[in-house]
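Subject: Structure handover

Hello,

Here is the structure I said I would pass on. Please open it alongside this message.

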Amino acid sequence: MQIVSDTHTQGVRGEKPHVIVYIPPGTPFECPDEIALTKIAEGRARAVTAVDIARTQHVADPVGGESDPESTEGTSDERFDELVGACLELDSADTSLFLADGRPKVEALAKVLGGAVTAEERDLAWASIQAD
């Protein structure tokens, strides 16, 4: 069963000899059902949601560049402003730069910014633009 904990967790992987691994907060991980259900019942973890999986994939595999370990720390104000600016800079008449729902493609934003952009970053910036 896959679960997620909001605090760091140590997990055991493999057959004997076991390997203890550090699992960062918010990272989905697989564990035996009995252990998972116990952690959930104790309030130390919760079942994985589609959002958890999507967030992990976006952070682990940004488009347009290498993975940035600091990207898990959230989007800084400066980065956020750059992303909003990049969204507004795109030619709205060029449909190849946008998804069917109107959001900019991360590839288009990566090209404007000259570096990796995750879908999560794009979505935060786009939500801010839509709210204005």
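What follows is a short account of what was found in the structure.

Please bear in mind that this is a predicted model.

Overall layout

The protein chain has five helices and five strands. Along the sequence they come in the pattern β-β-β-β-α-β-α-α-α-α. Of its 132 residues, 28% count as buried. Taking contacts between residues at least 6 apart in sequence, 52% join residues at least 24 apart.

Helix α3

A good place to begin is helix α3, which covers residues 77-89. Its 13 residues should span 18 Å at 1.5 Å a residue, and the end C-alpha atoms are 18 Å apart, so the expected and modelled spans agree. Which residues of α3 are buried? They are Arg-79, Leu-83, Val-84, Ala-86 and Cys-87. Viewed down the axis of α3, the buried residues fall within an arc of 160°, so they line one face of the helix. As background, an α-helix has 3.6 residues a turn, so residues three or four places apart point the same way. On the other side of α3, the exposed residues are Asp-77, Glu-78, Asp-81, Leu-88 and Glu-89. The cover over the buried residues of α3 includes α4 (106-113) and α5 (119-131).

Nonpolar cores

The helices come up again in the largest nonpolar core, which has 16 residues. Within this core, the residues that touch the most other members are Cys-87, Leu-90, Leu-97, Leu-109, Val-117, Ala-125 and Ile-129. Helices α3, α4 and α5 are the elements that give two or more residues to this core. Ile-129 is in contact with Val-84, Cys-87 and Leu-88, leaving aside its neighbours within four places in sequence. Of these three, Val-84 and Cys-87 are among the buried residues of α3, while Leu-88 is one of the exposed residues on the other side of α3. There is also a second, separate core of five residues, and its members include Ile-3, Cys-31, Ala-36 and Ala-45.

Salt bridges

How many salt bridges are there? The count comes to four.

One of them pairs Arg-79 with Glu-121, with the closest N and O atoms 3.1 Å apart. This pair links distant parts of the chain, since Arg-79 is in helix α3 and Glu-121 is in helix α5, 42 residues apart. Glu-121 has a relative accessibility of 11% and therefore counts as buried. Arg-79 is itself one of the buried residues of α3.

Another salt bridge is formed by Arg-103 and Asp-123, where the closest N and O atoms are 2.9 Å apart. Here too the pair links distant parts of the chain: Arg-103 sits in the loop between α3 and α4, Asp-123 sits in helix α5, and 20 residues separate them. Arg-103 counts as partly exposed, at 24% relative accessibility. Asp-123 also counts as partly exposed, at 28% relative accessibility.

Asp-123 forms a salt bridge with Arg-122 as well, the closest N and O atoms being 2.6 Å apart. Salt bridges that share partners join Asp-101, Arg-103, Arg-122 and Asp-123 into one network.

Arg-122

Is Arg-122 buried or exposed? With a relative accessible area of 5%, Arg-122 is buried, the cut-off for buried being under 20%. Arg-122 is placed in helix α5. Not counting residues up to four places away in sequence, Arg-122 touches Leu-99, Arg-103, Pro-104, Lys-105, Val-106, Leu-109 and Val-117. Two of the residues in that list, Leu-109 and Val-117, belong to the largest nonpolar core, and Arg-103 belongs to the salt-bridge network with Arg-122.

Glu-30

The last residue to look at is in another element, strand β4 (residues 29-30), which holds Glu-30. Glu-30 has 55% relative accessibility and so counts as exposed. Leaving aside its neighbours within four places in sequence, Glu-30 is in contact with Met-1 and Gln-2. Glu-30 and Val-4 are 26 residues apart in sequence, and their C-alpha atoms are 8.9 Å apart in space.

Regards

Key. Residues are numbered from 1 along each chain as its sequence is written. This is a predicted model: local features need pLDDT of at least 70, side-chain atom pairs count only at pLDDT 80 or more; totals for chains, interfaces and linings use all residues. Side-chain values use heavy atoms; hydrogens and water are left out. Helices (H or I, at least four residues) and strands (E, at least two) are DSSP runs, numbered from the N terminus. Buried means under 20% relative accessible area, exposed over 50%, partly exposed in between (1.4 Å probe, protein chains only). Contact means heavy atoms within 4.5 Å. The expected span of a helix is 1.5 Å times one less than its number of residues. The arc is that of the directions from the helix axis to the C-beta atoms. A salt bridge is a side-chain nitrogen of Lys or Arg within 4 Å of a carboxyl oxygen of Asp or Glu. A nonpolar core is a set of buried Ala, Val, Leu, Ile, Met, Phe, Trp, Tyr and Cys residues joined through side-chain atoms within 4.5 Å.
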